[in-house]
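Here are some worked exercises for you to try with the viewer open. Have a go at each task before you read its solution.

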Amino acid sequence: MTGWLPVAPCTPDGCARHTGAVRAPLPAALLLLSGCALVLLGVACVPLVRLLGAGPRRRLTRSWARAVPQAFGVRVRVRPHAPGRAPGGGELVVANHVSWLDIPLVASVLPGRMVAKREIRCWPLLGPLVALGGTLFIDRDRLRALPAAVRTIATALRSGSRVVVFPEGSTWCGRGGGGTFRPAVFQAAIDAGATVRPVRITYRTAAHSSADHPTGPAAGAVAFVGADPLAASLWRVVRAAGLTAHIDVLAPIPVDGEDGRRALARRARTAVLGPEEPRRTGLSGRPGQTAVASDRANRPAESVHH
């Protein structure tokens with residue numbers, strides 16, 4: 001991994017744990033099968049869906065994306081939001097990043113062109129199909145490729161597209177407040193005159209429905225951090241009983257070029273996660289975290305994707 005890329009101090013052993021009620025193995029296995037089957041069905045149907053008109057395509061995408069978390073046993077709650085997209089302009093959707101579940105959750109309310117690392121394009125079967133879905137592939141490993149990435153996103157926004165990005169640059173379990181929103185992608189919004197739409201994703205259990213932390217105490221069950229294997233994350237999600245994903249689509253942030261991309265990134269981060277607090281010696285309750293890890297997480301990098 002390149003040193004300038006953002007790194008979260010979250011680890012699977014320290015953060016990705018569920019301590020609440022659990023499902024029995026058989027019901028959990030059935031949920032796992034149904035969820036994976038629905039994902040594969042959606043991927044296989046991408047070429048056919050592309051043949052539909054824009055309206056039907058958006059409705060079908062939203063329905064499928066909302067069904068995916070539910071198929072894995074996660075309830076979905078969406079809070080209404082006020083319109084604010086610039087007429088005829090693009091929209092940059094920025095959200096906090098906890099889990100692989102974030103992707104279908106955002107697509108269920110604001111379907112758009114996802115930003116992904118370029119390696120995904122070379123994956124067998126999935127890569128070409130994801131490309132058909134309009135994904136914007138970005139080279140995350142070379143700092144000098146960053147201006148080209150910003151131009152790519154700005155071009156998509158100018159065309160009127162909605163672009164979805166997770167500007168923390170990595171997944172965070174959320175118990176330490178989340179990461180910095182990297183400013184590079186916000187430059188694309190400024191260049192294109194696009195609307196910035198913050199989205200807050202919260203995971204909770206029935207026992208903690210009144211939790212006031214942005215990611216909720218249930219985030220450990222869904223957190224997909226560090227070197228956590230996907231299979232382990234999938235099994236942890238289906239075993240956790242009573243999980244609910246809350247999606248808050250927040251008021252749009254007007255883009256003012258005079259503020260600059262860093263100020264815009266801070267405003268979006270504050271809307272989603274609250275003001276960022278300095279990290280000193282690692283986050284409470286996470287074994288193996290050091291001041292070095294926290295320092296790496298807060299280097300002044302400008303990543304455009306998770």
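Two residues are in contact here when they have heavy atoms within 4.5 Å of each other. Keep in mind that the model is predicted.

**Exercise 1. Take stock of the whole chain: how many helices and strands does the protein have, and what share of its residues counts as buried?**

Step 1. Count the elements: the secondary structure comes to twelve helices and seven strands.

Step 2. Check burial, with the cut-off at under 20% relative accessible area. Of the 306 residues, 50% count as buried.

Step 3. Look at contact range. Take the contacts between residues at least 6 apart in sequence: 78% of these join residues at least 24 apart.

**Exercise 2. Work out the strand order of the sheet and find which strands stand at its edges.**

Step 1. Read across the open sheet, and the seven strands come in the order S1-S7-S6-S2-S5-S3-S4, with mixed pairing.

Step 2. Go to the ends of that order. S1 (75-79) and S4 (136-138) each have a single partner strand, so one side of each lacks a neighbour in the sheet.

Step 3. Add the twist: ignoring direction, neighbouring strands are turned by 25 degrees against each other on average.

Step 4. Now sort some of the pairings. S3 (residues 113-117) and S5 (residues 162-165) run parallel and are joined by two bridges, and Arg113 stands opposite Val163 in S5. S2 and S6 also run parallel, with five bridges between them; Leu92 has Val196 in S6 as its bridge partner. S6 and S7 (residues 243-249) pair in the antiparallel sense over seven bridges, and here Tyr203 is partnered by Ala245 in S7.

Step 5. Finish with burial in S6 (residues 195-205): ten of its eleven residues are buried.

**Exercise 3. Describe how H7 is placed: which strands does the helix touch, and which of its residues are buried?**

Step 1. Find the strands. H7 (residues 146-158) packs on the sheet and touches S2 (91-95), S3, S4 and S5, and its direction makes about 170 degrees with that of S4.

Step 2. Check the length. With 13 residues, H7 reaches 18 Å from its first C-alpha to its last, close to the 18 Å expected at 1.5 Å a residue.

Step 3. Pick out the buried residues: Leu146, Ala149, Val150, Ile153, Ala154, Ala156 and Leu157. Looking down the axis of H7, you'll see the buried residues fall within an arc of 160 degrees, so they line one face of the helix.

Step 4. Ask what that face meets. The buried residues of H7 pack against S2, S3, S4, S5 and helix H8 (184-192).

Step 5. Step past the end of the helix: H7 is followed by Gly160, which has a positive phi near 95 degrees.

**Exercise 4. Do the same for H2: which of its residues are buried, and which are exposed on the other side?**

Step 1. Start with the span. H2 (residues 25-44) has 20 residues and reaches 28 Å from its first C-alpha to its last, close to the 28 Å expected at 1.5 Å a residue.

Step 2. List the buried residues of H2: Ala28, Leu31, Gly35, Leu38, Gly42 and Val43. They cover an arc of only 135 degrees around the axis, which puts them on the same side of H2.

Step 3. Turn to the other side of H2, where Leu26, Leu30, Leu33, Leu40 and Ala44 are exposed.

**Exercise 5. Compare the surroundings of Asp191 and Leu250: which residues does each one touch, leaving out those up to four places away in sequence?**

Step 1. Asp191 sits in helix H8 and counts as partly exposed, at 39% relative accessibility.

Step 2. Asp191 touches Val150, Ala154 and Arg158. The C-alpha atoms of Asp191 and Val150 are separated by 9.1 Å, although the two residues are 41 apart along the chain.

Step 3. Leu250 lies in the loop between S7 and helix H11 (260-273) and is buried, with a relative accessible area of 17%.

Step 4. Leu250 is in contact with Arg197, Pro198, Arg200, Ala271 and Val272. Leu250 and Pro198 are 52 residues apart in sequence, yet 5.5 Å apart from C-alpha to C-alpha.

Terms used:
Residues numbered from 1 in each chain as written. Predicted model: local features only at pLDDT ≥ 70, side-chain atom pairs only at ≥ 80, totals over all residues. Heavy atoms only, no water. Pairing = 2+ DSSP bridges. Helix = DSSP H or I, 4+ residues; strand = E, 2+ residues; numbered from the N terminus. Axes fitted to C-alpha atoms, helices over the stretch in contact; angles between N-to-C directions. Expected span 1.5 Å × (residues − 1). Buried < 20%, exposed > 50% of the residue type's maximum accessible area, 1.4 Å probe, protein only. Arc of directions from axis to C-beta.
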